[in-house]
Amino acid sequence: MDGTNINNENENVFPTVICDDTKPEESNSKSGNENEIKSGRSKHEHELGQFFENPVYGQGDNDRCSTGDMDTVHKQNNQVYVVKSLKREIRKFRCCTFVFVLTTLGFLVLSLILAIFFFRKTAFDHPLLPSNTQWNQSEDHERNYQLHQQALSSWWQMFLSVNSPSCDCIDGYSGKLCEVTPCSSDPCVNSGLCFPANESYVCACPTGYTGKRCEVDSCDGFPCDNGGTKSVSGTTCKCSCRSGFSGSSCGVTPCSNQPCLHDGSCSISGHSFSCICSKGYSGKLCEVTPCSSSPCVNSGSCLNVNGSYLCVCPKGYSGKLCEVDPCDDFPCGNSGTKKVSGTACQCTCRSGFSGSSCEIDPCDGFVCGNEGTKTVSGTTCQCTCRSGFSGSFCEVTPCSNSPCVNSGSCLNVNGSYVCVCLDGYSGKLCEVGPCDGFPCDNGGTKTILGTKCQCTCRSGYFGSSCEVTPCSNQPCFHDGSCSISGHSFSCSCSEGYSGKLCEVTPCSSSPCVNSGSCLNVNGSYLCACLKGYSGKLCEVDPCEGFTCENGGTKTVSKTACQCTCRSGFSGSSCEITPCTSQPCLYDGSCAISGNSYSCNCLKGFLGNSCEVTPCSSSPCVNSGSCLNVNGSYVCVCSIGYSGKLCEGTNQ
């Protein structure tokens, strides 16, 4: 049926059945069309409306269509035609149905009448049986029933042959009432709507499907990889991917973005992935490398090599981990900092310092005069001068401005200066001439000798101006006051002091004993005692009343007294002698001899400790007991023995 033009308004496309009494509708019969449209809306018209909404079949720029493929349909003309055709088919079906119902009812009424008539005839008259035949009641009923069934069957066949309607179907239709249409076999698949058209059918396909029977799926030939499922969306096909997969064809897998690092192999596991790492690598993504632990020190670069690591060391460093530093054990003095330069270590010195080890400081070769001390300040060296001296090198002295006149010599003394004047000159600055204003004190007389002026001093006085008196050298000790007496002096001593020069002090008599130190205090004395001693004069000895026996000597130890014993003696007071332990036996008397002892034994006893007794030689025999008696021995014999030595037996 390819290429059938369904835009033709000819209503003979759907020819009338024998009961069709309708006429072709005219395009100008407006009222008739309106009534039919109002009364004829049904489920089919609703489905037809959906069909015309299909953009495939509603295109307005094509006028041709295929009854099989339904490639294109002119929307305005085709709508009117299909509506008209559908309504004609509905009217035909209604007419045939009405005729069939009337015929069936007539048959049923006639059958009922005939059945009643026949039953009554057979039941009362038995016209078909001989009158002399004898039947029992049950056989008679059975026979009547069979005859009744035969009669009904005969009447039914007769009724069908006389009253059954007969439809003359057009091409494409069949059935007793032409009820079998080209759409009766449901040729349209994928939910396509079937419409009879030109002795065949037309399929109105859902969006996305094409073909004569809507059998062409927009997903045909469309791949959905990795277990994705295909579904039609609009006019296109799309894939619904499993969890973890994506892409238009589900071609993007958990491994597509190559998540495994460092040449790890990726394998899909469920809706995720797992990485099989190369030797030496680990972690979910093989992100943990042999270098992840940063094994290289001293800024060494770590390289992943054959499942292990290799450290590329900066210049100068070595070792598997670059741990060997060329600056190890390299000294940098004066707070210099070490750094590697090339393959060697060098010191970066603080400003002002130099040398390979920063050993040269700013003060090396720097000289501070006049005993000034050198100190490093920042990057320079400076001198700290003694009192009275100044200048960068302490070169400015008290004498630098030449204070001494008249050719006097200037001496630096204790941070100041002293002028040593030429003969005849004096004054701090030697500014006084030989006799100009030259005084001769203390009754001295001035005389000029050469260029000098000198004084001839009275006895006891001296000095260039006779200024040195007997008291000038402060002859009086201990703050005694000196007064001139004639050409000599006398001392007035402070309280507690005496002597011509007040040299006799309260301590002069050495009042402190036991090595106590004497101090002159306020005209008297005070004794500072050694440890353990006390009293005003340190006369209280810690060993006083303490006894050291047997020639022991007393000594003070810290604040206590102790005895130093002679050899052989001991005890806190040396009271333990060599005889204290009574070393002499058998009443021998012990006598101290030097640092030991000697025993004076009783008669018959001998030995250093009188240990040898008269019985020591065991003179008694035969188990006789020996007794020491008065310097000899006596044998006490066992029973049966007698004699001095128990040598005899009793008869």
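In the predicted model, strand 27 (residues 625–629) and strand 28 (residues 632–636) run antiparallel and are joined by five bridges. Within this pairing, Asn628 stands opposite Tyr633 of strand 28. The two strands form a hairpin with two residues between them, and Asn630, which belongs to the turn, has a positive phi of about 55 degrees.

A hairpin is likewise formed by strand 13 and strand 14, again with two residues between the strands, and here Gly378 in the turn has a positive phi of about 65 degrees. Strand 13 (residues 373–377) runs antiparallel to strand 14, and five bridges join the two; across this pairing, Thr375 stands opposite Gln382 of strand 14.

The structure holds one salt bridge, in which the side chains of Arg386 and Glu371 meet at 3.7 Å, N to O. This pair links distant parts of the chain, given that Arg386 is placed in the loop between strand 14 and strand 15 whereas Glu371 is placed in the loop between strand 12 (344–348) and strand 13, with 15 residues separating the two in sequence. Arg386 is partly exposed, its relative accessible area being 36%, while Glu371, with a relative accessible area of 62%, is exposed; the latter assignment follows because a residue counts as exposed when its relative accessible area is over 50%.

At the level of the whole chain, four helices and 30 strands are found. Buried residues account for 28% of the 651 residues, and the accessible surface of the chain comes to about 39400 Å², of which carbon and sulfur atoms contribute 52%. Of the contacts in the chain between residues at least 6 apart in sequence, 29% join residues that are at least 24 apart.

A search of the whole structure finds 39 disulfides, three of which are described here, including the link between Cys399 and Cys410, whose sulfur atoms are 1.9 Å apart. This link is left-handed, with -80 degrees about the S-S bond. Cys399 lies in the loop between strand 14 (380–384) and strand 15 (409–413), and Cys410 lies in strand 15 itself, so the disulfide ties together parts of the chain that are 11 residues apart in sequence. The two cysteines fall on either side of the 20% limit for buried residues: Cys399 is buried, at a relative accessible area of 14%, whereas Cys410, at 24% relative accessibility, counts as partly exposed.

Another of the disulfides is formed by Cys260 and Cys275, with their sulfur atoms 1.9 Å apart. The link of Cys260 and Cys275 is left-handed, with -85 degrees about the S-S bond. Distant parts of the chain are linked by this pair, with Cys260 in the loop between strand 6 and strand 7 and Cys275 in strand 8 (residues 272–276), 15 residues apart. Cys260 is buried, having a relative accessible area of 10%, and Cys275 also counts as buried, at 16% relative accessibility.

A disulfide also joins Cys169 to Cys178, with an S to S distance of 1.9 Å, and this link is left-handed, with -105 degrees about the S-S bond. Cys169 is partly exposed, with a relative accessible area of 21%, whereas Cys178 is buried, with a relative accessible area of 12%.

The loop between strand 6 (236–240) and strand 7 (265–269) also contains Ser249. With a relative accessible area of 19%, Ser249 is buried, because the term applies to residues under 20%. When neighbours within four places in sequence are left aside, Ser249 is in contact with Pro223, Cys224, Asp225 and Cys239.

On the surface of the model, Phe98, Phe100, Val101, Leu102, Leu105 and Leu108 make a nonpolar patch of about 570 Å². One of these residues, Leu108, is found in helix 3, which covers residues 75–124.

Definitions and conventions:
Residues are numbered from 1 along each chain as its sequence is written. This is a predicted model: local features need pLDDT of at least 70, side-chain atom pairs count only at pLDDT 80 or more; totals for chains, interfaces and linings use all residues. Side-chain values use heavy atoms; hydrogens and water are left out. Patches are made of residues with over 30% relative accessible area and no salt bridge: like charges are joined within 9 Å, nonpolar side chains (Val, Leu, Ile, Met, Phe, Trp, Tyr) within 5 Å. Accessible areas come from the Shrake-Rupley method with a 1.4 Å probe; for residues, only the protein chains shown count as cover. A salt bridge is a side-chain nitrogen of Lys or Arg within 4 Å of a carboxyl oxygen of Asp or Glu. Buried means under 20% relative accessible area, exposed over 50%, partly exposed in between (1.4 Å probe, protein chains only). Contact means heavy atoms within 4.5 Å. A disulfide is a pair of cysteine sulfur atoms within 2.5 Å. Two strands pair if DSSP finds at least two bridges between them.
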